[in-house]
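The following exercises are to be worked through with the sequence and the model at hand. Each task is followed by a solution in steps.

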Amino acid sequence: MELVIAGVGHRYGELAALEAIDLTVREGEILALIGPSGCGKSTLLGIMGGILRPSAGRVLVRGDPPGDSLNPFTYVFQDFALLPWRTVEGNVALPLEHHGLSAAERAQRTNDALARTGLAEFRHAYPKQLSGGMRQRVGIARALVVRPALLLMDEPLSALDAQTRELLMEDFLALWLRERVTAVYVTHNLSEALRLADRVAILSRRPGRLRELVAIDIPQAERTSLAAQAGLAHLHDQLWRLIKEEAQVAEREVVAA
Amino acid sequence: MSAAPPDAAMPSREVAFRGGGFVLAPRRGVAALAFVALIALWEIAVRFGWISPIFLPSPSSVVAALNELAANGTLWLHLGQSLFRIFAGWTIGTVAGLGVGFAMGIWSVSRAIGLPAVSALFPIPKIALLPLLILWLGIGEPSKVATIALGVFFPTVIATFSAIDNVPRNLIRMGQSFNLPAPSILRKIVLPGALPGMLAGFRITASIALILLVAAEMIGAEHGIGAFILAAGNLMQTDQLLAGVTMLSVLGLAIGAMLTRIERRLLRWR
């Protein structure tokens with residue numbers, strides 16, 4: 001299944017957030033969307049999954065999602081968006097409840113998702129009892145439980161401290177290497193993008209346009225090797241130069257309120 | 001600054017501590033002690049004749065009056081009537097208020113209609129409507145119950161739709177992103193998310209109901225704590241009067257304790 005974004009633009013009233021985005025998300029890849037804050041990355045992600053209606057252009061699906069996918073376009077949120085009144089298990093089971101599955105199948109799917117994210121022993125804990133990293137694991141487990149065809153991740157690690165971010169990123173990558181779910185990964189962190197993505201789409205400052213689309217040819221599993229590090233460092237510099245200028249201008253911008 | 005080792009010959013002194021105070025710690029027993037001391041002082045003042053028992057009867061005589069009322073059954077008659085009125089009025093007002101509040105929290109049209117109506121009607125002291133309600137519903141129970149229900153209704157509406165406004169939108173978006181049907185979003189996300197605000201509203205409406213109960217009973221009732229206090233006052237039976245006031249205090253405390261229990265149960269996740 002592929003997602004084709006054709007001429008998408010979006011305005012919030014007078015404010016143009018996105019302009020003329022053409023982009024295809026390919027089956028089985030991680031596409032990172034990177035750009036300065038306020039460039040419309042999250043808006044674009046919202047449009048991709050049908051949570052926001054674009055002011056211009058269309059988003060098309062090419063091909064069918066796998067039959068066992070209960071929710072083909074599934075989000076992982078920056079602020080986790082967990083229900084504080086439900087336990088870990090209850091939060092993960094939430095998206096299954098309206099599908100008319102048997103209790104046994106629901107339990108089996110939930111257990112499976114909890115096990116894959118290392119949450120089995122925390123199933124009866126409430127979100128407030130968990131660290132930020134654990135909460136985002138719950139967010140990921142809740143996304144996996146519906147067997148998504150496309151994972152839409154909105155800065156999933158930015159609410160976490162640097163160490164937790166590193167740990168969770170490695171865990172997520174290990175998970176992804178096993179399942180190869182197509183994913184769009186919004187971030188403002190270049191290292192994250194270079195560690196995870198097959199391709200990096202760089203957006204310009206507002207109104208966000210597609211500035212550059214860079215493929216990273218090194219397989220994710222090999223990126224920590226010394227040989228790969230040099231190439232990635234070079235790529236990092238190259239991309240950083242592109243982003244830096246945009247970020248500098250974006251930072252000094254005053255929003256007309 | 002150089003990183004030279006400290007000179008032992010230099011005079012040294014401790015850094016003064018400046019961070020104390022402004023922290024409240026629980027002091028168990030202090031409240032009970034102060035309470036007992038106050039009651040004792042009161043009792044002594046009356047016993048020694050510093051205060052006339054007509055104006056302020058001693059605590060022991062209030063307790064004696066309460067005992068007597070309990071023994072001859074008048075206490076239960078008045079309390080029963082009052083409890084029925086407050087329960088019926090509060091329940092009717094709350095159920096209606098929750099319904100309207102939910103509608104105003106969810107639908108733009110109901111909000112547009114309801115908000116100005118609530119703003120216009122909420123500030124009216126509901127006891128001012130009692131004469132009208134008596135004309136409509138008669139002097140019996142319905143007019144008193146309706147006064148309490150009206151007084152409870154508006155704050156419940158306001159508490160409910162503000163509580164729904166405070167449910168984080170990102171949780172609702174999350175529900176939509178998983179294709180949860182609208183009734184599920186209401187039941188699993190909006191309702192539990194609004195519950196803390198709704199329960200806080202119950203606390204306010206419970207005390208409003210108590211105030212209106214007494215006021216309504218003082219205007220036109222044969223029995224009930226309010227009527228009893230008024231009658232005692234007219235006959236200068238101040239010990240009976242204070243016995244009635246004590247009953248009200250106990251009733252208020254009991255309702256508060258009940259709500260605390262319900263909150264603990266329903267909001268364990270907080």
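**Exercise 1. The contact between the chains**

Determine how many residues of chain A are in contact with chain B, and classify them.

Solution. Step 1: 15 residues of chain A are in contact with 15 residues of chain B, two residues being in contact if their C-beta atoms, placed from the backbone, lie within 7 Å. Step 2: on the chain A side, 11 of these residues are nonpolar, 3 polar and 1 charged. Here Ala, Val, Leu, Ile, Met, Phe, Trp, Tyr, Cys and Pro count as nonpolar, Asp, Glu, Lys and Arg as charged, and the others, Gly among them, as polar.

A note on conventions: this is a predicted model, in which local features need pLDDT of at least 70 and side-chain atom pairs count only at pLDDT 80 or more, while totals for chains, interfaces and linings use all residues. Residues are numbered from 1 along each chain as its sequence is written, and chains are lettered from A in the order in which they are written.

**Exercise 2. The dimensions of chain A**

State whether the radius of gyration of chain A agrees or disagrees with that of a compact globule.

Solution. Step 1: the rule, applied over C-alpha atoms, is 2.2 Å times the number of residues to the power 0.38. Step 2: for 257 residues a compact globule would have a value near 18 Å; chain A has 18 Å, which agrees.

**Exercise 3. The two sides of a helix**

Explain why the buried residues of α5(A) lie on the same side of this helix.

Solution. Step 1: helices are DSSP runs (H or I, at least four residues), numbered from the N terminus. Step 2: the buried residues of α5(A) are A:R165, A:L168 and A:F172; a residue is buried if 20 or more other C-beta atoms lie within 10 Å of its own, exposed if 12 or fewer, and partly exposed in between. Step 3: they cover an arc of only 75° around the axis, and therefore lie on the same side of α5(A); the arc is that of the directions from the helix axis to the C-beta atoms. Step 4: the face turned away from this buried side carries the exposed residues A:Q163, A:E170, A:A174, A:L177 and A:R178. Step 5: the cover over the buried residues of α5(A) includes α4 (132–144) of chain A.

**Exercise 4. The surroundings of one alanine**

Is A:A93 buried or exposed?

Solution. Step 1: locate A:A93 in helix α2 (residues 88–93) of chain A. Step 2: A:A93 is buried, because 22 other C-beta atoms lie within 10 Å. Step 3: not counting residues up to four places away in sequence, A:A93 touches A:R106 and A:T110.

How values were computed:
Helices (H or I, at least four residues) and strands (E, at least two) are DSSP runs, numbered from the N terminus.
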